[in-house]
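Ready for some practice in reading a protein model? Work through each exercise with the structure open beside you, and try your own answer before you look at the solution.

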Amino acid sequence: MSVQQEIKRLTAPDIRARKGGEPIVSLTSYHAHTARLVDKYCDVILVGDSLGMVMHGLETTVPVTLDMMILQGHAVMRGSSRALVVVDMPFGSYEASKEQAFMNAARVMKETGCGAIKVEGGRRLAETIAFLAERGVPVMGHVGLTPQAINTIGSFRAQGREEKDWGPIEDDAKSVADAGAFSLVIEAVAEPLARRITGQVAIPTIGIGASPACDGQVLVLEDMLGLSPWVPKFVKRYTDLGPSIGKAVESYAAEVRARTFPGPEHIYPMKRKDR
Ligand code: KIV
């Protein structure tokens, strides 16, 4: 093998090695511009299938397609240079068989250049995760609330809030880790359970509505920037960009109507003729 140049991006093994160490910082991004902004601060950029709801106004992530993920994954790779980019496998692209999962994951990796993929589910995916990991596809797992299952679970409610419900979620997390995933997202799970799972699995856990004890945290970028009309309890809005965007657009509309935009500094005069 001839090595063209050293890989400067963080890799799945780099993230795997962060278990119990410095917390892993992760945000979603779906565009080159936002990828450029978050790349400096994040270890992992997740091209989440939440793009279906955030970018396309869909009610759930179920209609998201592989082509949508590949298009935005490619954009995020172009906009970033340091973080590990993980692309979500959308509903229907990996559940039928381990072979289906491999063919689609390989397509995502070849066409976007991303460093890993993410799948939702626990025990039922253990064989698939092992199959992918053994064949060069780094896999991030995702347990707890799994939004792609909305039509069978019925609501986006937090999981494991009664101790009697902990067993299956713990088993899911352990199966994903034992199968060879390099990290695990835990979404909307009672805090003590997320803390316990983090102590039980050998791979880093990345919480979203889970626990500060997780090995890292992830949020949807538009949620933490205040651009989403509604956010779950677990989101902290670090800023509120919605009203400032509204104000900027209001000023633009007023200036266009008053013919004060464009001003002299925004237009091209004729070139001066040399005498
Ligand atoms: O799709 C997504 O953005 C996700 C995160 C919320 C973890 O899966």
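**Exercise 1. Where does A188 lie?** Find the loop, then check the backbone there.

Step 1. Keep in mind that this is a predicted model. Go to A188 and look at what sits on either side: A188 is in the loop between β6 and α9 (191-200).

Step 2. Now check the phi angle. For A188, phi is near 45°, which is a positive value in a residue other than glycine.

Step 3. Compare that with the usual picture: most residues other than glycine have a negative phi.

**Exercise 2. Find the cis peptide bond from F261 and say where the proline lies.**

Step 1. Look at the bond from F261 to P262: its omega is near 0°, and the bond is cis.

Step 2. Place P262 on the chain. P262 belongs to the segment after α11 (241-257).

Step 3. Again, a quick comparison helps: most peptide bonds are trans.

**Exercise 3. Describe the largest pocket and say what takes up its space.**

Step 1. Start with the volume, which is about 960 Å³ for the largest pocket.

Step 2. Go on to the walls. The lining has 39 residues, and E187, D223, W230, P232 and F234 lie nearest the centre of the pocket. The elements that give two or more residues to this lining are α3 (51-54), β6 (183-187) and α10 (221-224).

Step 3. Sort the lining by class: you get 21 nonpolar, seven polar and eleven charged residues.

Step 4. What takes this space? The ligand does.

**Exercise 4. Which residues are around the ligand, and which side chains have polar atoms by its oxygen atoms?**

Step 1. List the shell. Around the ligand you find T28, L46, G48, D49, S50, D88, K118, H142, V185, I208 and V220. By class, that makes four nonpolar, four polar and three charged residues.

Step 2. Look for pairs of N or O atoms within 3.5 Å. An N or O atom in the S50 side chain is 2.5 Å from an oxygen atom of the ligand. For K118, a side-chain N or O atom is 2.9 Å from a ligand oxygen. D88 has a polar side-chain atom 3.2 Å from an oxygen atom of the ligand.

Step 3. Ask how much of the ligand is covered. On its own, the ligand has 260 Å² of accessible area, and the protein covers 95% of that.

**Exercise 5. Describe the second largest pocket, then look for cavities.**

Step 1. The second largest pocket has a volume of about 310 Å³. Its lining has 16 residues, with S26, Q217, V218, L219 and Y238 nearest the centre.

Step 2. Match the lining to the strands: β1 (24-28), β7 (205-208) and β8 (216-219) each supply at least two residues. Sorted by class, the lining has ten nonpolar residues, five polar ones and one charged.

Step 3. Now for cavities. The whole structure has one cavity of 30 Å³ or more. The largest cavity has a volume of about 30 Å³, and its lining is made of S26, L46, M140, V185, I206 and V218. Five of these lining residues are nonpolar, one is polar and none is charged.

Step 4. Look for names that come up twice. S26 is one of the residues nearest the centre of the second largest pocket, and S26 also lines the largest cavity.

Methods: Residues are numbered from 1 along each chain as its sequence is written. This is a predicted model: local features need pLDDT of at least 70, side-chain atom pairs count only at pLDDT 80 or more; totals for chains, interfaces and linings use all residues. Side-chain values use heavy atoms; hydrogens and water are left out. On a 1 Å grid over the protein atoms alone, a cavity is a set of points where a 1.4 Å probe fits but cannot get out, and a pocket is an open set with protein on both sides within 12 Å along at least five of seven lines; lining residues have an atom within 4 Å of a point. Grid points are joined across faces, edges and corners, and a volume is the space filled by probe spheres set on the points. Helices (H or I, at least four residues) and strands (E, at least two) are DSSP runs, numbered from the N terminus. Ala, Val, Leu, Ile, Met, Phe, Trp, Tyr, Cys and Pro count as nonpolar, Asp, Glu, Lys and Arg as charged, and the others, Gly among them, as polar. A residue is near a molecule or strand if one of its heavy atoms lies within 4 Å of it. A polar contact is a pair of N or O atoms within 3.5 Å; within protein, one must be able to donate a hydrogen and the other to accept it, and residues adjacent in sequence count only if both atoms are side-chain atoms. Accessible areas come from the Shrake-Rupley method with a 1.4 Å probe; for residues, only the protein chains shown count as cover. A molecule sits in a cavity or pocket if more than half of its atoms lie within 2 Å of its grid points.
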